Amino acid sequence: MPSIKERIDEFRGTRPARAIGVLLLLGFGVYNLFFEPGIISFGFGIGFLVLGLLALYKLVVGESLTDAYTP
């Protein structure tokens, strides 16, 4: 029976693991943007949303935007 560390290492980088990361980034972005007061939280919210949307694009399309537009 594999140890928990081996199971985590196998899970890392898989599609479900990346989907969980995308949901966390989008969740942090929405929370900071709408539920936390202040300009710093607004900036963090925008940053997390941008990172989350880029990660979602990479998850769905399979390549990052920089890979798509590199000559």
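# Questions and answers on a four-helix model

From the N terminus on, the elements of this protein run α-α-α-α. The model is a predicted one.

Q: How many helices and how many strands does the protein have?
A: Happily, this is a quick one to start with. Read from the N terminus, the elements go α-α-α-α. The count is therefore 4 helices and 0 strands.

Q: What share of the residues in the protein is buried?
A: A residue counts as buried when its relative accessible area is under 20%. The protein has 71 residues, and the buried part of them comes to 17%.

Q: How much area does the protein expose, and what part of it do carbon and sulfur atoms supply?
A: The exposed area adds up to about 5,700 Å². Carbon and sulfur atoms supply a share of that area equal to 72%.

Q: Which element gives the most to the largest nonpolar core?
A: Let's begin with the members: the core has 5 residues, namely Val 22, Leu 26, Leu 33, Leu 49 and Leu 59. Helices α2 and α3 each supply at least two of them. With 3 residues, the element that gives the most is α2.

Q: Which residues is Leu 49 in contact with, leaving aside its neighbours within four places in sequence?
A: Leu 49 belongs to the largest nonpolar core, together with Leu 26 and Leu 33 among others. Both of those appear among its contacts, next to a glycine and a valine. The full set is Leu 26, Gly 29, Val 30 and Leu 33.

Q: How far apart are the end C-alpha atoms of α2?
A: Here is a friendly check on helix geometry. Helix α2 has 20 residues, so at 1.5 Å a residue it should span 28 Å. The model agrees with this expectation, as the end C-alpha atoms are apart by 28 Å.

Q: Which elements do the buried residues of α2 pack against?
A: The buried residues of α2 are Ala 17, Val 22, Leu 26, Gly 29, Asn 32 and Leu 33. Their packing partners are α1 (4–11) and α3.

Q: Is Asn 32 buried or exposed?
A: Asn 32 is found in helix α2. Not counting residues up to four places away in sequence, it touches Ser 41, Phe 42, Phe 44, Gly 45 and Phe 48. Its relative accessible area is 15%, and the cut-off is under 20%, so Asn 32 is buried.

Q: Which parts does the pair of Phe 28 and Phe 48 tie together?
A: A search of the whole structure finds 2 aromatic pairs. In the pair of Phe 28 and Phe 48, the ring centres are 5.8 Å apart and the planes stand at 50°, so the pair is tilted. The two residues are 20 apart in sequence, and the parts tied together are helix α2 (residues 15–34) and helix α3.

Q: What is the angle between the planes of Tyr 31 and Phe 35?
A: Tyr 31 is partly exposed at 42% relative accessibility, whereas Phe 35 counts as exposed at 59%. Their rings form an aromatic pair that is tilted, 6.0 Å centre to centre. The angle between the planes is 40°.

Q: How far apart in space are Tyr 57 and Val 22, C-alpha to C-alpha?
A: Tyr 57 has its place in helix α3 (residues 39–61) and is partly exposed, with a relative accessible area of 30%. Along the sequence, Tyr 57 and Val 22 are 35 residues apart. In space, their C-alpha atoms are apart by 9.6 Å.

Definitions and conventions
Residues are numbered from 1 along each chain as its sequence is written. This is a predicted model: local features need pLDDT of at least 70, side-chain atom pairs count only at pLDDT 80 or more; totals for chains, interfaces and linings use all residues. Side-chain values use heavy atoms; hydrogens and water are left out. Buried means under 20% relative accessible area, exposed over 50%, partly exposed in between (1.4 Å probe, protein chains only). Rings of Phe, Tyr and Trp (its six-membered ring) pair if their centres lie within 6.5 Å; planes under 30 degrees apart count as stacked, over 60 as edge-to-face and the rest as tilted. Accessible areas come from the Shrake-Rupley method with a 1.4 Å probe; for residues, only the protein chains shown count as cover. A nonpolar core is a set of buried Ala, Val, Leu, Ile, Met, Phe, Trp, Tyr and Cys residues joined through side-chain atoms within 4.5 Å. Contact means heavy atoms within 4.5 Å. The expected span of a helix is 1.5 Å times one less than its number of residues.
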